[in-house]
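Work through the exercises below with the model open beside you. Each task is followed by a worked solution.

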Amino acid sequence: MLKNLNLPTKFLILGVLVIVSVGLPSKLLYDVEKGLVDVSYQELMGVKPLNDVTLLVQSLQAHRSLSSSYLDASGSGADLAVATASVQQSFQALQPALLSMYPDSGMHEHFENSKNAFGELVARVQGFGLTPSRSYQLHTAIIDELMSEVMPHIMEGSGLSYDPAAKTYHLIIANYEGVPFVIEGVQNLKGIVNGYADSSLIELTGPLRDVHHNLEAAFEASGDERIQTQLNTLESLQATLKNLITPIVTASISQGDVASINAQLNQVSQGL
């Protein structure tokens, strides 16, 4: 059949074949690269709200401690008022941002519940309608709802939970799914030391193991010495915690040791 075609037609057919053989793989490569860029952009868009919720949790942890000390008449009402305003502002600023970015997410009911529960809690604390330990429990419930229901929805909605690169995936999981729970565990140790919480709130073994595993996996995938430094820091903090947990759990702490242990636990939190 080709023998019957003139030379210009043969060149035309050859040109079409070349375009198809080069253009199709190029188009596929473009689609793959564009998909990776889109995924990276979506993940990047999730980082700020996730960091903002993390900061809100930290503000609630501070408010929890100040509320309990205020209720037992050892804390400052002025400091508590500043902390209250900070938490309220965070709730107000975050809610429309989350609704705009993830309008169909199931997190919004939980966020609204947390915000309303905080408003009711503030009123009860201000009216001295709670014991220090009950205030601590109610704060902890709000913190748990934010960490267990809101943060995972942002992780999934932004794609951060499914990052395709091993190094960044394990770093993301360590820093956003592990470290916040370790810090909450350390804060609860402070609550126990100060008499506001009981030892049932100690949940450090699992979160510490998960963070260590993911940092190890990130280092194996990348060989990045900065991650090894993080691992070394984590192991040092684990050793400090191991020495502190036994006397805390067994309640073998003298009143004179409370300030020292609180300072060491603060250093662990800052190290994380």
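**Exercise 1. Classify Phe128 by accessibility, then inspect its backbone.**

Solution. Start with the ground rules. This is a predicted model, where local features need pLDDT of at least 70, side-chain atom pairs count only at pLDDT 80 or more, and totals for chains, interfaces and linings use all residues. Residues are numbered from 1 along each chain as its sequence is written, and side-chain values use heavy atoms, with hydrogens and water left out.

Step 1. Set the classes: buried is under 20% relative accessible area, exposed is over 50%, and partly exposed is in between (1.4 Å probe, protein chains only).
Step 2. Phe128 has 48% relative accessibility, so it counts as partly exposed.
Step 3. Place it: Phe128 sits in the loop between H3 and H4. Helices here are DSSP runs (H or I, at least four residues) and strands are too (E, at least two), numbered from the N terminus.
Step 4. Read the backbone. Phi of Phe128 is positive, near 50 degrees, and the residue is not glycine. Most residues other than glycine have a negative phi.

**Exercise 2. Describe the secondary structure and burial of the protein chain.**

Solution.
Step 1. Count the elements: there are eight helices and zero strands.
Step 2. Write the order along the sequence: α-α-α-α-α-α-α-α.
Step 3. Take the burial total: of the 272 residues in the protein chain, 38% are buried.

**Exercise 3. Check the span of helix H6 and list its buried residues.**

Solution.
Step 1. H6 covers residues 205-222, which is 18 residues.
Step 2. The expected span is 1.5 Å times one less than the number of residues. For H6 that expectation is 26 Å, and the helix reaches 26 Å from its first C-alpha to its last.
Step 3. The buried residues in H6 are Pro207, Leu208, Val211, His212, Asn214, Leu215, Ala217 and Ala218.
Step 4. Look past the end. Gly223 follows H6, with a positive phi near 70 degrees.
Step 5. Relate His212 to Asn232: they are 20 residues apart in sequence and 9.9 Å apart in space, C-alpha to C-alpha. Asn232 belongs to helix H7 (residues 225-249). Its relative accessible area is 44%, so Asn232 is partly exposed.

**Exercise 4. Analyse the aromatic pairs.**

Solution.
Step 1. Apply the rule: rings of Phe, Tyr and Trp (its six-membered ring) pair if their centres lie within 6.5 Å; planes under 30 degrees apart are stacked, over 60 edge-to-face, the rest tilted.
Step 2. The count is three aromatic pairs.
Step 3. Take Phe91 and Phe118. Their ring centres are 6.0 Å apart and their planes are at 40 degrees, so this pair is tilted.
Step 4. This pair links distant parts of the chain: Phe91 is in helix H2 (residues 77-101), Phe118 is in helix H3 (residues 107-126), and 27 residues separate them.
Step 5. Check burial. Phe91 is buried at 1% relative accessible area, and Phe118 is buried at 1% relative accessibility.
Step 6. Assemble the cluster: ring pairs link Phe91, Phe111 and Phe118.

**Exercise 5. Which residues line the largest cavity, and which helices supply them?**

Solution.
Step 1. Define the search. On a 1 Å grid over the protein atoms alone, a cavity is a set of points where a 1.4 Å probe fits but cannot get out; lining residues have an atom within 4 Å of a point.
Step 2. The whole structure yields one cavity of 30 Å³ or more. The largest cavity holds about 80 Å³ of space.
Step 3. Its lining is Gln61, Arg64, Ser65, Tyr136, Gln187, Lys190, Gly191, Asn194 and Tyr196.
Step 4. Helix H1 (7-71) and helix H5 (166-193) each supply at least two lining residues.

**Exercise 6. Trace the surroundings of Tyr136 through Asn188 and Ala197.**

Solution.
Step 1. Asn188 is found in helix H5. At 4% relative accessible area, Asn188 is buried.
Step 2. The side chains of Asn188 and Tyr136 share a polar contact of 2.8 Å. Such a contact is a pair of N or O atoms within 3.5 Å; within protein, one must be able to donate a hydrogen and the other to accept it, and residues adjacent in sequence count only if both atoms are side-chain atoms.
Step 3. Ala197 is in the loop between H5 and H6. Its relative accessible area is 17%, so Ala197 is buried.
Step 4. Ala197 and Tyr136 are 61 residues apart in sequence and 6.9 Å apart in space, C-alpha to C-alpha.

Definitions and conventions. On a 1 Å grid over the protein atoms alone, a cavity is a set of points where a 1.4 Å probe fits but cannot get out, and a pocket is an open set with protein on both sides within 12 Å along at least five of seven lines; lining residues have an atom within 4 Å of a point. Grid points are joined across faces, edges and corners, and a volume is the space filled by probe spheres set on the points.
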